[in-house]
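Biologist: Hey, can you walk me through this one? I'd like to go bit by bit.

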Amino acid sequence: MTTTTPVIPIKSSSEPAHVIAPDATTIFSLRAERFEQLAAGHSLGDWLRFLAAITHAQHQALQSLPAPALPDAAQLARAREHRMPLLPAQSWPRGAAWRDVLQQIAAAVSGVAPQAARQDLARLAGFDAERLEALAERVLHTELYGEDAALLPYVAAALQVLWTAGAARLGIDEIKALDVPGVCPCCGFLPVASVVRNSGEVSNLRYLHCALCNTEWNLVRVKCAACDANDGISYRHLETAGGPAADAVRAETCESCKSYLKIVYQEKAPVDPVADDLATLALDILVDEAGYARCGPNLLLVPGG
Ligand SMILES: [Zn+2]
Ligand SMILES: [Zn+2]
């Protein structure tokens with residue numbers, strides 16, 4: 001009898017990155033392109049095209065945003081020592097720049113906004129700094145329901161620009177993985193979805209993608225992002241009529257905590273975790289009806305809207 005020894009692949013000299021910081025020059029422009037692509041022939045095409053306009057406005061605002069002040073070296077070292085996020089969503093001093101970003105985004109999209117959105121933008125324009133900051137606090141504490149919930153996606157879009165600028169400026173040398181695998185190592189926020197990458201040394205690896213700052217961090221495949229369980233994980237996707245996005249997007253459901261998060265596959269399409277998530281809301285309805293609750297928000301969506 002002969003036995004064959006399994007071939008053990010030689011490890012590449014450089015370990016795959018645990019964290020991928022966003023590229024400020026492309027993150028929102030590629031997302032805007034993907035929204036445009038997904039809008040074609042989609043039953044929610046008008047809405048997806050409007051989101052493309054918002055995302056394009058985020059790109060432009062980010063290119064002209066003054067570099068945000070980062071924590072100093074001692075503060076960064078302390079955060080790392082205690083395994084804490086570096087730009088925590090709930091306590092990083094965010095300054096006033098995000099409100100300028102909000103104005104820029106509103107000005108850029110008001111001409112193409114649907115009627116209801118135009119009214120929301122007009123209301124936002126009448127808010128003073130105190131009311132805007134109160135809306136920002138709700139976004140950053142993921143309190144996305146209640147009065148004025150329709151205004152929160154615009155506020156979130158502006159905050160995403162600021163936090164993405166901060167994350168990009170820190171870069172992968174500064175952002176280290178945390179002990180808690182389900183939250184962003186840069187800002188402590190929740191993931192919007194996860195991405196299975198298909199290029200270079202990160203090929204076939206899965207990364208959670210931050211809903212706020214666009215940082216990605218590695219999580220092994222077949223593991224719940226909310227409770228860490230490895231057992232009872234399964235995948236659902238839309239069988240039909242979902243367009244080209246459907247096959248590239250699955251919902252990863254967990255029997256232990258009855259939560260789910262979507263997973264997008266780069267090998268199947270030029271996916272974007274935020275855009276492809278919103279183009280597959282039918283999948284959310286499917287898993288919601290099966291009894292699973294989503295474990296990370298998409299900040300461009302008004303829940304129940
Ligand atoms: Zn983050
Ligand atoms: Zn779970």
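**Salt bridges, core and zinc**

Modeller: Let's start with a network of salt bridges that links R94, R99, E133 and E137. A salt bridge here is a side-chain nitrogen of Lys or Arg within 4 Å of a carboxyl oxygen of Asp or Glu.

Biologist: Before we go on, what am I looking at?

Modeller: This is a predicted model, where local features need pLDDT of at least 70, side-chain atom pairs count only at pLDDT 80 or more, and totals for chains, interfaces and linings use all residues. Residues are numbered from 1 along each chain as its sequence is written, chains are lettered from A and ligands numbered from 1 in the order in which they are written, and side-chain values use heavy atoms, leaving out hydrogens and water.

Biologist: Cool. How many salt bridges are there by this rule?

Modeller: The count comes to 16. In one of them, the side chains of E133 and R94 meet at 2.7 Å, N to O. E133 sits in helix α6 (residues 129-140) and R94 in the loop between α3 (73-81) and α4 (97-109), 39 residues apart. Helices (H or I, at least four residues) and strands (E, at least two) are DSSP runs, numbered from the N terminus.

Biologist: Is R94 buried or exposed?

Modeller: R94 counts as buried because its relative accessibility is 14%. Buried means under 20% relative accessible area, exposed over 50%, and partly exposed in between (1.4 Å probe, protein chains only). E133 is buried too, at 17%.

Biologist: And what about E133 and R99?

Modeller: Their side chains also meet in a salt bridge, at 2.4 Å, N to O. R99 counts as partly exposed, with 23% relative accessibility.

Biologist: Switching topic: which residues have the most contacts inside the largest nonpolar core?

Modeller: Those are F35, W98, L124, V155, L159, W163 and L212, in a core of 75 residues. Helix α7 gives the largest share, 13 residues. A nonpolar core is a set of buried Ala, Val, Leu, Ile, Met, Phe, Trp, Tyr and Cys residues joined through side-chain atoms within 4.5 Å.

Biologist: Last thing, what holds the zinc ion?

Modeller: The SG atoms of C184, C187, C210 and C213 coordinate the zinc ion (ligand 1) at 2.3 Å. Donors are N, O and S atoms within 2.8 Å of the metal (3.2 Å for Na, K and Ca); water is not among the atoms, so sites may look incomplete.

Biologist: What spacing do the donors follow along the chain?

Modeller: The spacing is C-x2-C-x22-C-x2-C. C187 and C210 are both buried.
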